[in-house]
Amino acid sequence: MDASDHSRPRSVWAVVAAAGEGRRFGTDLPKQFVPAAGAPLLHHTLRALRASACLDGLVAVVPAGRLADPELLPAEMRSRPDLELRVVAGGARRRDSVRCGLEALPASCDVVLVHDGARPAVSRSLVERVLAGVERSGACVPVLPVAETVWEIDASGRARHTRLRDRLRLAQTPQGFSREILEAAYARPVEAELTDDASLVESAGYPVETVAGDPENIKVTVPADLVRLGLGAPRVGFGYDVHRLVEGRRLVLGGVEIPSGRGLEGHSDADVALHALCDAVLGAAGCGDIGRLFPDDDARWAGADSLELLRLAVGEAARAGFRPSSADLTIVAERPKLAAYLPRMADRIAPVLGVERHAVTVKATTSEGLGFAGEGRGMAAYATAVLVPGWRGPADSGPSRPGPGGEP
Ligand code: MG
């Protein structure tokens with residue numbers, strides 16, 4: 001069909017920019033791929049665009065390393081015949097990625113929506129507003145008024161108040177363009193400081209219409225954004241472990257060495273409490289179990305400090321997009337009496353989990369003389385861990401807030 005045939009309906013495609021590596025969030029997992037209510041965040045964004053029922057097709061621009069990932073796209077979208085789906089690798093910067101997306105558009109496309117992969121709450125009405133703006137003006141950006149006071153700073157970081165707030169707007173996506181205009185803007189050399197497509201188009205000399213954005217259409221930037229969108233449900237993991245008590249071994253429980261005639265037998269330091277906790281953390285994050293992560297036929301873990309194993313388990317969970325929020329442990333042991341050591345165990349565990357001390361509980365019970373624990377042949381431990389979406393690894397779990405004296 002001839003592109004100049006104005007009698008046919010416009011063909012609308014979305015280019016979804018999801019190739020960013022998100023390194024500034026301190027994880028290996030770019031935020032558009034963090035797990036959110038059972039699916040990568042990008043799935044929610046793609047589903048929302050599909051649900052707008054305004055598109056003829058969609059180009060997802062993803063990191064090159066993820067092209068072969070079978071979970072990259074929602075299963076139902078791979079098989080939907082009325083929404084054509086293309087996937088391409090992006091480039092180093094967002095604009096390189098959008099350019100890759102533009103090159104993947106079919107000849108029939110004449111209107112392009114560019115959307116952030118990390119904006120899953122895009123609504124049908126917003127898409128319709130933007131498309132109406134493109135119809136009128138050729139280029140349209142949804143904007144929000146600035147709710148907070150805006151300061152300009154000088155080179156030394158000193159604030160210089162600006163009084164422009166009434167005329168300032170925050171830009172959202174999807175930003176819509178007639179294809180010719182967007183491609184013409186991308187054909188020019190791009191100024192470094194232009195960070196979105198509408199500013200690129202505007203600097204190329206085309207008028208850009210603004211329409212009302214949607215305050216719910218947030219770009220996920222911090223874990224709390226997922227919670228706000230209802231995509232951040234906590235996950236609970238459970239762990240259980242048993243070790244035999246033998247002569248001639250140290251007794252280490254919850255990372256604390258306890259004077260005792262006998263200790264737990266095992267490949268590592270045999271800290272039954274931390275092993276249960278490792279499994280709880282790994283279970284909540286969907287990362288398997290301790291046996292898979294630290295096989296007991298691997299010489300690396302011989303005599304290992306189980307606090308280090310816990311640290312590695314927390315790192316594994318962080319790579320899957322989760323961080324601990326609280327933990328609860330019960331150790332089952334007939335003797336020695338453990339009550340006096342329990343607070344110190346929590347002191348050791350909390351920093352490794354990256355949580356406040358009060359978020360860790362360690363309890364002990366006897367087994368009333370019954371079974372292997374009651375007969376003093378071994379010890380058992382049970383643990384639960386609650387994990388929340390997050391990409392704050394154990395490496396940066398130190399104080400991130402100003403102390404009491406640092407509050408403004
Ligand atoms: Mg064990």
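## Exercises on a predicted model

Strand β19 (residues 378-389) is mostly covered, with 9 of its 12 residues buried. The structure is a predicted model, and the exercises below start from this strand.

**Exercise 1. Determine which strands pair with β19, and in which sense they run.**

Step one takes strand β13 (residues 235-247), which is joined to β19 by 10 bridges, the two running antiparallel. A residue pair to look for here is Tyr 240, whose bridge partner in β19 is Tyr 382.

Step two takes strand β17 (residues 322-332), which also pairs with β19 in the antiparallel sense, over 10 bridges. In this pairing Pro 324 stands opposite Leu 387 of β19.

**Exercise 2. Place β19 in its sheet, and explain which strands stand at the edges.**

The sheet is open and is formed by 5 strands in the order β16-β13-β19-β17-β18, with mixed pairing. Because β16 (262-264) and β18 (360-365) each have a single partner strand, they stand at the edges, and one side of each is left without a neighbour in the sheet. From one strand to the next, the twist averages 25 degrees.

For the edge strand β16, the link to β13 consists of 3 bridges in an antiparallel arrangement, and within it Glu 247 has Arg 262 of β16 as its bridge partner.

**Exercise 3. Identify the protein donors of the magnesium ion, and decide whether Asp 241 and His 243 are buried or exposed.**

The protein donors are Asp 241 through OD, His 243 through NE2 and His 275 through ND1, and they lie 2.1 to 2.3 Å from the ion. Along the chain these donors follow the spacing D-x1-H-x31-H.

For the second part, a residue counts as buried when its relative accessible area is under 20%. Asp 241, at 17% relative accessibility, therefore counts as buried, and His 243 is likewise buried, with a relative accessible area of 13%.

**Exercise 4. Describe how helix α8 lies against the sheet and against helix α10.**

Begin with the sheet: α8 lies across β13, β16, β17 and β19, and runs at about 155 degrees to β13.

Turn next to the helix pair, where the axes of α8 (residues 272-284) and α10 (residues 306-319) come within 9 Å and cross at roughly 5 degrees. Angles under 35 degrees count as roughly parallel, and α8 and α10 are therefore roughly parallel to each other.

Finally, list the residues that meet: α8 contributes Leu 274, His 275, Leu 277, Cys 278, Val 281 and Leu 282, while α10 contributes Ser 306, Leu 307, Leu 309, Leu 310, Ala 313, Val 314, Glu 316 and Ala 317. Sorted by class, this contact has 11 nonpolar, 2 polar and 1 charged residues.

**Exercise 5. Characterise the surroundings of Ser 306.**

Ser 306 is placed in helix α10 and is buried, with a relative accessible area of 0%. Once its neighbours within four places in sequence are left aside, Ser 306 is in contact with Ser 268, Asp 269, Asp 271, Leu 274 and His 275. The last of these, His 275, is also one of the protein donors of the magnesium ion.

Arg 357, by contrast, is 51 residues from Ser 306 in sequence and 19 Å from it in space, taken from C-alpha to C-alpha.

**Exercise 6. Find the buried residues of helix α3 and what covers them.**

In α3 (residues 94-103), the buried residues are Arg 95, Asp 96, Ser 97, Val 98, Gly 101 and Leu 102. Their cover includes the strands β1 (12-17), β4 (57-62), β5 (84-89) and β6 (111-116), together with the helices α5 (179-187) and α6 (197-203).

Methods. Residues are numbered from 1 along each chain as its sequence is written. This is a predicted model: local features need pLDDT of at least 70, side-chain atom pairs count only at pLDDT 80 or more; totals for chains, interfaces and linings use all residues. Side-chain values use heavy atoms; hydrogens and water are left out. Axes are lines fitted to C-alpha atoms, for helices over the stretch in contact, and angles run from 0 to 180 degrees between N-to-C directions. Helices (H or I, at least four residues) and strands (E, at least two) are DSSP runs, numbered from the N terminus. Angles under 35 degrees count as roughly parallel, over 145 as roughly antiparallel, 65 to 115 as roughly perpendicular and the rest as oblique. Contact means heavy atoms within 4.5 Å. Ala, Val, Leu, Ile, Met, Phe, Trp, Tyr, Cys and Pro count as nonpolar, Asp, Glu, Lys and Arg as charged, and the others, Gly among them, as polar. Buried means under 20% relative accessible area, exposed over 50%, partly exposed in between (1.4 Å probe, protein chains only). Two strands pair if DSSP finds at least two bridges between them. Donors are N, O and S atoms within 2.8 Å of the metal (3.2 Å for Na, K and Ca); water is not among the atoms, so sites may look incomplete.
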